[in-house]
Amino acid sequence: NEFNLNKYIHTYIHKIMSNLKINFNQIGIFFVTSLILFTAIRNISLIYYLIIFLILLYYLIKKLHYVFIFDYDRILFQLFFYFTLFLCAWSFLFISNDVVYLSDFRDNNSTVYENVAINPLIGIPRLLLMPILAFLFVNLLDSKKNFLVMIRVILLCYVAAALSIAYQIYFNQQIPWFTDSHMRGGYIRYASLLGSLSIYGSVAGYAIIAIFSPKILENHILKYALAIIISAAAIFSLTKTGVIMVVSAFLLMAINYGAINFKKLIYLLFSIFIFGIISYLIVSNNDYLLNYLNTVLNFTFGSQWTLSNPDGIKYINDTPQITFDYIIHRLTQFSSGSFDYYGLDIFLFGVGVWGGAGVMGYPDGVSSHSGLIDLLIIGGPIYISLFLILYLRVQIYFVKNLREDLNIFFFISNILFIFNMVFISGSSFQPSISIFFWLSVAYYIYSIKKLKQEY
């Protein structure tokens with residue numbers, strides 16, 4: 001009996017230690033993901049980079065053998081990962097570059113001849129960060145529960161970012177270690193915990209989708225409270241992208257839920273209706289919020305889209321409105337300038353990290369203002385093709401299995417992600433913008449493996 005008791009105690013302790021080990025691994029990846037998303041912390045101390053590096057290195061060493069395992073289920077991701085590693089070495093061929101460009105694209109006589117020297121070691125960590133994090137997602141998140149928790153952690157980071165914007169507006173003071181604020185529409189435009197001024201608006205739609213997804217949050221009061229916080233911060237961020245992403249999120253959810261489940265569509269429409277009433281009551285009874293909202297609507301869509309304005313306030317418009325001509329100009333003008341600047345090398349294997357311009361730490365480079373074109377410039381036709389094939393493969397799987405809650409969440413989020421990719425430079429490498437896409441790749445690989453095990 002004493003022997004059996006000792007054996008039982010030993011088995012029990014071993015089980016506890018195994019669970020602690022699993023929980024430690026999970027907590028570690030949740031923690032480092034939060035740190036990576038809160039890029040503003042880097043302005044406090046360089047220790048921020050050291051902590052992220054050490055945690056990623058620890059997990060990478062533990063899972064390094066998976067880099068050399070050729071698994072059909074993850075082959076597309078592995079090819080993208082391998083090619084990214086190749087581009088790190090390829091980038092050293094472009095340390096010194098002779099470039100020709102127009103200092104003013106409106107003046108053909110403003111040609112500039114210049115030698116540009118770059119240090120690839122500045123851009124390589126930025127190029128590797130999200131593919132490495134995705135690699136860890138693939139090899140550390142081994143249950144649906146883990147993915148749900150990760151989604152909630154990311155959502156919590158977005159909410160914290162929203163509150164950081166609201167805090168600065170309420171106290172009318174920038175947080176010292178945040179990115180410098182700027183004026184837009186007559187109001188101060190503040191950054192958030194996520195980093196630069198424009199980042200928050202790009203991710204607000206993701207947060208709305210997560211909030212109203214059935215399995216991610218179940219408390220209805222919490223849903224409405226968080227939705228109001230996220231939407232209000234999208235307005236306070238004074239970005240056209242924020243308004244468009246929030247509206248697009250609601251439309252995409254209505255279309256997709258309507259296509260698979262009428263009851264879920266009714267629930268969603270009812271939630272949107274309640275959310276709309278609460279938001280209207282808050283805004284209509286607060287002139288400050290109303291003017292903020294009208295300012296954003298004015299410089300995004302035009303004065304005809306503003307709400308009640310009995311005092312006849314003239315809202316400032318100091319940024320181009322969203323029109324078809326503006327979209328075409330943005331898609332073509334910047335891309336054309338990038339092609340001229342980087343030359344024909346982009347059509348072989350790209351020009352490496354130098355092609356990412358400011359996103360990769362080279363502020364004097366020419367940005368394409370498009371995440372998709374960035375991939376072409378950085379890694380050539382192969383790189384953008386690998387990415388698009390991976391994206392389409394993941395989306396095709398999700399749309400074929402759309403009735404599963406996380407599948408529809410990732411499917412809709414990835415549609416917003418590709419919108420960001422078209423118009424926002426560095427989207428695939430910017431942590432807050434790309435995090436759900438890379439998580440969806442890991443969930444796709446997990447789901448395929450699970451299906452094979454079941455059969």
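Here a biologist and a modeller talk through helix packing, a cavity and a pocket in a predicted model.

Biologist: Let's start with α3 and α4. Why are these two helices called roughly antiparallel?

Modeller: Helix α3 covers residues 75-90 and helix α4 covers residues 120-140, and their axes cross at roughly 155 degrees. Angles over 145 count as roughly antiparallel, so α3 and α4 get that label. Their axes come within 10 Å, and α3 passes α4 in a left-handed crossing.

Biologist: How do you know which residues of α3 and α4 meet?

Modeller: Contact means heavy atoms within 4.5 Å. On the α3 side, the residues that meet α4 are Phe-77, Phe-80, Phe-81, Thr-84, Leu-85, Leu-87 and Cys-88. On the α4 side, they include Ile-124, Leu-127, Pro-131 and Phe-135. By class, this contact of α3 with α4 has 14 nonpolar, 1 polar and no charged residues.

Biologist: Okay, on to α8 and α9. What makes this pair roughly antiparallel?

Modeller: Try the angle again. α8 and α9 pack at about 155 degrees, and the cut-off for roughly antiparallel is over 145, so the label fits α8 and α9. Their axes are 6 Å apart. In α8, Phe-250, Met-253, Ala-254, Tyr-257, Gly-258 and Ile-260 meet α9 residues, among them Phe-262, Lys-264 and Leu-265. The contact of α8 with α9 divides into 10 nonpolar, 1 polar and 1 charged.

Biologist: Which residue makes the charged count 1 in that contact of α8 with α9?

Modeller: Lys counts as charged, and Lys-264 in α9 is part of the contact with α8.

Biologist: And α8 with α10? Why is α8 described as roughly perpendicular to α10?

Modeller: The axes of α8 and α10 cross at roughly 90 degrees and come within 9 Å. The range for roughly perpendicular is 65 to 115, so α8 is roughly perpendicular to α10. Lys-240, Val-243 and Ile-244 in α8 meet Val-296, Leu-297, Phe-299, Thr-300 and Phe-301 in α10. Sorted by class, the contact of α8 with α10 has 6 nonpolar, 1 polar and 1 charged residues.

Biologist: Now the empty spaces. What makes a space a cavity, not a pocket?

Modeller: In a cavity a 1.4 Å probe fits but cannot get out, while a pocket is an open set. This structure holds 1 cavity of 30 Å³ or more. The largest cavity has a volume of about 50 Å³, which puts it above that 30 Å³ limit.

Biologist: Which residues line the largest cavity?

Modeller: Tyr-66, Val-67, Arg-74, Phe-77, Gln-78, Phe-81, Tyr-82, Phe-135, Val-138 and Asn-139 do. The largest share, 4 residues, comes from α3, and α3 and α4 each supply at least two. The lining divides into 7 nonpolar, 2 polar and 1 charged. Arg counts as charged, and Arg-74 is one of the lining residues.

Biologist: What about the second largest pocket: which elements give two or more residues to its lining?

Modeller: The second largest pocket has a volume of about 800 Å³. Of its 25 lining residues, Ser-231, Ile-235, Ser-279, Val-283 and Leu-293 are the closest to its centre. The elements giving two or more residues are α7 (220-236), α8 (240-260), α9 (262-284) and α10 (287-301). α9 gives the largest share, 7 residues.

Biologist: How many residues in that pocket lining are nonpolar, polar or charged?

Modeller: The lining of the second largest pocket has 21 nonpolar, 4 polar and no charged residues. Ser falls in the polar class, and Ser-231 and Ser-279 are among the lining residues.

Notes
Residues numbered from 1 in each chain as written. Predicted model: local features only at pLDDT ≥ 70, side-chain atom pairs only at ≥ 80, totals over all residues. Heavy atoms only, no water. Axes fitted to C-alpha atoms, helices over the stretch in contact; angles between N-to-C directions. Parallel < 35°, antiparallel > 145°, perpendicular 65-115°, else oblique. Left-handed = near helix turned anticlockwise from the far one by under 90°. 1 Å grid on protein atoms, 1.4 Å probe; cavity = no way out; pocket = protein on both sides within 12 Å on 5 of 7 lines; lining within 4 Å. Points joined across faces, edges and corners; volume = space filled by probe spheres on them.
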